[in-house]
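A student wishes to learn how the features of a protein model are read. The dialogue below takes them one at a time.

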Amino acid sequence: MHIFAHFSRFCAGIGGFMSKNIAILASGNGTNAENIIRYFRNSGTVNVGLVLSNRKAAFVLERARSLNVPFAYMEKAEWTDGEAVLSLLKDKHIDFVVLAGFLARVPDCILHAYPNKIINIHPSLLPKFGGKGMYGDRVHQAVVAAGETETGITIHYLNEHFDEGETIVQYKCPVLPQDTAEDVAKKVHALEYEYYPQVIARLLSEIR
């Protein structure tokens with residue numbers, strides 16, 4: 001385990017309510033993670049308490065550093081067992097876990113510790129174009145190759161199987177005959193940036 005920052009506000013009381021601490025799990029560039037962090041930057045009720053990656057070189061860690069958010073990465077063996085990851089989440093008083101381009105499997109011990117409190121975003125209308133190995137541009141390329149007329153995003157709870165957790169909500173966008181995978185990616189990213197933070201906020205407001 002490699003923790004790079006130790007500063008966080010864990011429980012600011014606003015209006016008699018304790019703020020919710022969320023962890024963002026990401027494996028890559030981290031644009032969605034940064035968007036979420038900025039969305040809740042001035043929130044009195046939601047605090048991004050940790051950005052966690054399974055890749056040491058993931059640029060999301062640099063984004064977290066620049067935004068003054070605690071961040072860490074865990075090596076492969078630690079994700080296999082999961083106990084060290086769970087211990088870190090507990091140490092950071094994390095209430096809710098958000099996946100944003102996270103490509104490793106979340107261990108069962110974490111799923112059991114956070115029932116209905118771990119969500120993921122997938123860049124297609126599940127169950128289409130989901131499953132292990134389907135992420136990022138691979139999904140958009142498959143959508144175009146299949147001649148789909150619409151695609152979108154699926155926000156869902158996490159379970160033991162890739163992209164099979166209960167759907168929370170889907171948002172759609174058209175796929176035009178002339179669209180390339182890059183065109184589709186731009187439309188899907190726009191949906192992600194607009195709606196993912198809103199859905200996170202709504203779900204957190206329902207947690208007591």
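The turns that follow treat aromatic pairs, empty space, backbone angles and the surroundings of single residues.

Q: Before we begin, what kind of model is this?
A: The model is a predicted one, and local features are read where pLDDT is at least 70.

Q: How many aromatic pairs does a search of the whole structure find?
A: The search finds three aromatic pairs. One of them joins W79 and F102, with 4.9 Å from centre to centre and 50 degrees between the planes. An angle under 30 degrees would count as stacked and one over 60 as edge-to-face, so a pair in between is called tilted. The pair of W79 and F102 is therefore tilted.

Q: Where do W79 and F102 lie, and what does their pair tie together?
A: W79 belongs to helix α3, residues 76–81, while F102 is in the loop between β7 (96–99) and α5 (108–113). The pair therefore ties together parts that are 23 residues apart in sequence. Both W79 and F102 are buried.

Q: Is the pair of Y171 and Y195 stacked or tilted?
A: The pair of Y171 and Y195 is stacked, with 3.8 Å between the centres and 5 degrees between the planes. Y171 lies in strand β10 (residues 167–174) and Y195 in helix α7 (residues 181–205), so this pair links parts 24 residues apart in sequence. Y171 has a relative accessible area of 22%, and is partly exposed.

Q: Over the ring of which residue does the charged end of K90 sit?
A: The charged end of K90 sits over the ring of Y114, at 4.8 Å from the ring centre.

Q: How does one find empty space in a model?
A: A probe the size of a water molecule is rolled over the atoms, and this shows where empty space is left. In a cavity the probe fits but cannot get out, whereas a pocket is open.

Q: How many cavities of 30 Å³ or more are there, and what lines the largest?
A: The whole structure yields one cavity of 30 Å³ or more. The largest cavity has a volume of about 40 Å³. Its lining consists of L125, K128, F129, V143, E148, E150 and T151. By type, these residues of the largest cavity are three nonpolar, one polar and three charged.

Q: How much space lies in the largest pocket, and which residues are closest to its centre?
A: The largest pocket holds about 1,100 Å³ of space. It is lined by 44 residues, of which S27, G101, F102, L103 and Y135 are the closest to the centre. The elements giving two or more residues to this lining are α1 (31–39), α3, β8 (118–122), α6 (137–145) and α7. The lining of the largest pocket divides into 16 nonpolar, 19 polar and nine charged residues.

Q: What is usual for phi and for peptide bonds?
A: Most residues other than glycine have a negative phi, and most peptide bonds are trans. In this structure, N116 has a positive phi of about 55 degrees although it is not a glycine. N116 is in the loop between α5 and β8, and is exposed at 56% relative accessibility. F129 also is not a glycine and has a positive phi, of about 60 degrees. F129 is in the loop between β8 and α6, and it appears in the lining of the largest cavity.

Q: Which residues does a cis peptide bond join?
A: A cis peptide bond joins L126 and P127, with omega at about 10 degrees. P127 is placed in the loop between β8 and α6.

Q: How is the setting of a single residue read, and is L204 buried or exposed?
A: A residue counts as buried under 20% relative accessible area. L204, at 3%, is therefore buried. L204 lies in helix α7. Leaving aside neighbours within four places in sequence, L204 is in contact with K20, I22, V46 and F96. L204 and F96 are 108 residues apart along the chain, yet their C-alpha atoms are separated by 7.8 Å.

Q: Where is P197, and which residues does it touch?
A: P197 is in helix α7, and is buried with a relative accessible area of 1%. Not counting residues up to four places away in sequence, P197 touches N35, I36, Y39, F40 and E192.

Key. Residues numbered from 1 in each chain as written. Predicted model: local features only at pLDDT ≥ 70, side-chain atom pairs only at ≥ 80, totals over all residues. Heavy atoms only, no water. Phe/Tyr/Trp six-rings, centres within 6.5 Å; stacked < 30°, edge-to-face > 60°. Helix = DSSP H or I, 4+ residues; strand = E, 2+ residues; numbered from the N terminus. Buried < 20%, exposed > 50% of the residue type's maximum accessible area, 1.4 Å probe, protein only. Lys NZ or Arg CZ within 6 Å of the ring centre and 35° of its normal. 1 Å grid on protein atoms, 1.4 Å probe; cavity = no way out; pocket = protein on both sides within 12 Å on 5 of 7 lines; lining within 4 Å. Points joined across faces, edges and corners; volume = space filled by probe spheres on them. Nonpolar A, V, L, I, M, F, W, Y, C, P; charged D, E, K, R; others polar. Contact = heavy atoms within 4.5 Å.
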